[in-house]
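Here is a briefing on one protein chain. Look over the sequence and the model, then read on by topic.

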Amino acid sequence: MLTTPFDPSHPPKTALSGSDRDSFGYTTIQSRLPVIVSKIVDDVYRAYNRLPDADPLKPQKEKEAKGIIEAIGGLRYELQRDKPFRPLTDTYPDVQEWNQALSDHYAGSSWYKASWLFSECYLYRRIKEAFARTEHWREYDPFFEQKKTVFKSSQKAVVAIAGRLMSPVRSETTQAVEALSSLDILIGEPNGTEEAFFELAQVCLWGNATDLSLLDNPDMAKVEELQRRMMMSSNSTPTSHNSSTLSLNEGANGAQAELAKHADKILQNDLDQLWAKVRTLRNGRVDIILDNAGFELYVDLVFADYLVRAGFAKEVVFHAKQIPWFVSDVMPFDFHWTLDQLDPDTTSEPFFDPSEPTEQLALKDLGRKWKGYVESGVWKVVGHNFWTSCYAFYHLPTLPSAQDLFKDMAQSDLWIFKGDLNYRKLVYDCKWPTTTPFTEAIGPLASSEVPSLVTFRTCKADVVVGLKAGVEERVEKEAKNWMVSGEYAVISFSP
């Protein structure tokens, strides 16, 4: 049976903390989190001012909204003045566990004194409390409009990828239109499945660069630049097929050229080990612990689609957050909403508006294909309070409230953890030496009782492990902020 001697107040190494003025944790608590909290006030204000006069519940909703704004303003006051943590007061199922953790590990502690991981998680749980204490705003997501805006800005990349996954290809020799897409044809060729794996895995990795909790004021040009490296092609409509040269992209300006430019920024790259695992799967189960909604979720779905089409997985379980979390994290609603936006027939007006009929058809076909996966049970999206608890993932096998989750996930063949927060929770958000082996830093999750796991993470916090000797020193010369900029990444695998 798996056990761990650690707990939130006794981590395996010194915890990252806002008390360190030279850390990104300090910058986050001092500068980033107050901005995020202020945006919630703005969002709620706009939301209640949009309420129609004909709504008979408008007075009650307005009153509750003003109460939320007051509560969020109080939260910002506590944060900026480093006030002591207080217990939660709503009625959500996780309240007792949160309050017990506060009592056991952080009694009398505060935002800068506690671990950065706890403080940041506590902030988002307090945000949920402000809404949970109401009747009419209980399920409201104050970050949804931001998620929607950034996904809308991703149209060029979304359409390009949809074309590669769904649009039929024309043969160069016969000019006949093949019934298969570029991806399907590639998977059917010698070495094609492996080629598609390495390309799409990197697309899945770099999708994590678009994180709204880091982009306090998202610059759409910056978002587009982050997505450019994973574009399938400069031309979203595939027109020809040559079996000896076919790839998901065609030409030096496509995805492979872009990905190659950034290969040296993947500081630990365990894709070979991951491929050795994936290639052994036959109709297996893969669990993906999601991070950001929007474009990152879209490319996560692309990778999951590949695993199904290639025959590696007959079941993909997506793990989402139950409450709004770290601005852009995926909730079950976001998952289903994303599929709906690909098919204009399921929305009152098209979310994306590509000009070419072939592009419109590719989006619709992709949306319907993915909805078919959901309807047939090939894809499942689930949530659990563990993912929004204050606990690191060391505690997944042993925390009483997570036993149902761990028992179910233990049936999987592979766990894929997406993003920075999941990485931080995997390694307990500690000051590990960068040369610490990943399998050491994840503690009990490296056990044979846990399925193989991998993390796809662009670096946005002061913790990185698994690097070879000398890598930290080399990268430090290239960029002083390399640990937090999102420009560097790791793909770390535990067999």
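In what order do the strands of the open sheet of 7 strands stand, and is their pairing mixed? The order is S3-S9-S8-S7-S4-S5-S6, and the pairing is indeed mixed. The model is a predicted one. The protein chain has 495 residues, of which 61% count as buried. Its secondary structure comes to 18 helices and 9 strands.

**Overall fold**

- Contacts in the protein chain reach far along the sequence: among those between residues at least 6 apart, 79% join residues at least 24 apart.
- From one strand of the open sheet to the next, the twist averages 15°.

**Sheet edges**

- The edges of the open sheet are held by strand S3 (266-269) and strand S6 (379-383).
- Each of these two strands has a single partner strand, so one side of each lacks a neighbour in the sheet.
- Helix H13 (residues 332-342) lies across S5 and S6. H13 runs at about 150° to S6.

**Strand S4 and its partners**

- Strand S4 (residues 284-289) runs parallel to strand S5 (residues 313-320), and 6 bridges join the two.
- Gly284 of S4 has Ala313 as its bridge partner in S5. Ile289 stands opposite His319 in S5.
- S4 also runs parallel to strand S7 (residues 414-418), with 4 bridges between them. Here Ile289 stands opposite Phe417.
- S4 and S5, together with helix H12 (residues 295-309), make a β-α-β unit. The unit is right-handed.

**Burial of S4**

- Of the 6 residues of S4, 6 are buried, so the strand is largely enclosed by the rest of the structure.
- In a regular strand, side chains alternate between the two faces of the sheet.
- One face of S4 carries Gly284, Val286 and Ile288, and the other carries Arg285, Asp287 and Ile289. Both faces are covered, and these residues are all buried.

**Nonpolar cores and helix H4**

- The largest nonpolar core has 90 residues. Tyr124, Trp415 and Val427 have the most contacts inside this core.
- Helix H4 (residues 116-132) gives the largest share of that core, with 11 residues.
- A second core is separate and has 70 residues. Among them are Cys204, Phe312, Ala320 and Leu339.
- H4 is mostly covered, with 17 of its 17 residues buried.
- What span should the 17 residues of H4 have at 1.5 Å a residue? The expected span is 24 Å, and the end C-alpha atoms are 24 Å apart, which agrees.

**Positive phi outside glycine**

- Most residues other than glycine have a negative phi.
- Asn191 has a positive phi, near 65°, and is not a glycine. Asn191 is found in the loop between helix H7 (182-187) and helix H8 (192-206).
- Val327 is not a glycine either, and has a positive phi of about 70°. Val327 sits in the loop between S5 and H13.
- Is Asn191 buried or exposed? Asn191 has a relative accessible area of 62%, over the 50% cut-off, so it counts as exposed.
- Is Val327 buried or exposed? Val327 has a relative accessible area of 2%, under the 20% cut-off, so it counts as buried.

**Met166**

- Met166 belongs to helix H6 (residues 155-166).
- Met166 and Lys369 are 203 residues apart in sequence. Their C-alpha atoms are 9.2 Å apart in space.
- Leaving aside neighbours within four places in sequence, Met166 is in contact with Ser181, Arg309, Ala362, Asp365, Leu366 and Lys369.

**Ser494**

- Ser494 lies in strand S9 (residues 489-494).
- Ser494 is buried, with a relative accessible area of 3%.
- Which residues are in contact with Ser494, leaving aside its neighbours within four places in sequence? They are Phe438, Thr439, Ile442, Leu445, Ala446, Ser452 and Leu453.

Definitions and conventions. Residues numbered from 1 in each chain as written. Predicted model: local features only at pLDDT ≥ 70, side-chain atom pairs only at ≥ 80, totals over all residues. Heavy atoms only, no water. Core = buried A, V, L, I, M, F, W, Y, C linked by side-chain atoms within 4.5 Å. Buried < 20%, exposed > 50% of the residue type's maximum accessible area, 1.4 Å probe, protein only. Pairing = 2+ DSSP bridges. Axes fitted to C-alpha atoms, helices over the stretch in contact; angles between N-to-C directions. Contact = heavy atoms within 4.5 Å. Right-handed = clockwise from strand over helix to strand, strands pointing away. Expected span 1.5 Å × (residues − 1).
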